[in-house]
Amino acid sequence: MILTAVVFLLGALSVQSQGGDQPASNSTQIFAGQQYGVANVTKNEEQYFRLDKPVDQIGDIEILLRTLSGDADLYVSLSVEKPNYENNDFASSLYGDDFVRVAELDFDRLCGEESCCTADVCPVYITVRGFDPLSTYWLLASMNTDWSRATPLTINQLVSSSVQSSSYKFFTFNASAADVETFRIVLDSGAATDVDLYVIGGLEEPSINHSQDSATTILVPETLDIDQDSPAFCGACVYSIAVYGFTNGSFTITVNANDTGEVTLLEGTPVHGSVVAHTFNYYAFLNSDARNKITIELTSTMGDADLYVSINGTPTTDD
């Protein structure tokens, strides 16, 4: 098992604020995929941000305000440069984390004939307002662009993909077509990439803030068992799966049947995993030409594991 540190893209925070009768000041530019904070905001103080979405980038914008202590609220507008609790298009004032999603259609719905966009960008204006005497928070904006192009997964078939920082790659798995009701999802990114896994039982778009089950540890690979104990379990249905990238990078994803666990390997694509003493993990590789020379390498990063190969049937320590 490989341990990898969780990595965020951090930006230096230099916010402009308004409190009491102070005059309004300029907003701080933020960018999708960059976490801003950790920062402090006092009671009734407002800190202003602006996110520019390129006009040629189609997708939803997700804004997460994570309050680490105290309580802060989130206000968003597409036209008002400094939104507040009285003048906003979107607001979230929960105790704890606040979340707002600006859908692609909202730019037309809220702006009408007078477009909120320039020739190049569609600005999104954000305000963080303090509710408690002192609150500590960080802010993260993400682009969500690929739900309409979700990739179908098949049982025990390794799929290789990549994801950009603060973005998603989406997949579906039809448990009925695979004739399974319980299974394991394995997400492997190696040590250089930090990705998390989010699942919903049914055809519904999952995200970092909207899922029924998830795997968000620092372990590589991430594994998630979908069975009767999983909140996402829906039996022989279609599952929706999201892979969220905290960093740019590549990954593999596999749906394993619990009764076999045999994973089909791809040429040149490494697979990380763990195995308990005196048990087996099973893999298969399909050779398209009997004349090919095949090299299989096993590297143990912790403990000791052995490799057994058979051309016909399941290998054992004796065969």
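Cys-234 and Cys-237 are joined by a disulfide, with an S to S distance of 1.5 Å; a disulfide is counted here as a pair of cysteine sulfur atoms within 2.5 Å. In general terms, a disulfide is a covalent bond between the sulfur atoms of two cysteines. By this rule the protein has three disulfides. The model is predicted: local features need pLDDT of at least 70, side-chain atom pairs count only at pLDDT 80 or more, and totals for chains, interfaces and linings use all residues. Residues are numbered from 1 along each chain as its sequence is written, and side-chain values use heavy atoms, with hydrogens and water left out.

**The disulfide of Cys-234 and Cys-237**

- Cys-234 has a relative accessible area of 31% and is therefore partly exposed; buried means under 20% relative accessible area, exposed means over 50%, and partly exposed lies in between (1.4 Å probe, protein chains only).
- Its partner Cys-237 has a relative accessibility of 16%, so Cys-237 counts as buried.

**The disulfide of Cys-111 and Cys-116**

- Cys-111 is linked to Cys-116 by a disulfide with an S to S distance of 1.6 Å.
- This disulfide is left-handed because the torsion about the S-S bond of Cys-111 and Cys-116 is about -105 degrees.
- Cys-111 and Cys-116 are both buried.

**The disulfide of Cys-117 and Cys-122**

- The sulfur atoms of Cys-117 and Cys-122 lie 1.9 Å apart and form a disulfide.
- The link of Cys-117 and Cys-122 is right-handed, with 100 degrees about the S-S bond.
- Cys-117 is partly exposed because its relative accessibility is 23%.
- Cys-122 has a relative accessible area of 6%, so Cys-122 is buried.

**The pairing pattern**

- When the bonded cysteines of the protein are numbered in sequence order, they pair as 1-2, 3-4, 5-6.

**The protein as a whole**

- The secondary structure consists of one helix and 24 strands; helices (H or I, at least four residues) and strands (E, at least two) are DSSP runs, numbered from the N terminus.
- The protein has 319 residues, of which 42% are buried.
- Of the contacts (heavy atoms within 4.5 Å) with a separation of 6 or more, 73% are between residues 24 or more positions apart.
- About 16900 Å² of the protein is exposed, and carbon and sulfur atoms supply 48% of this area; accessible areas come from the Shrake-Rupley method with a 1.4 Å probe, and for residues only the protein chains shown count as cover.
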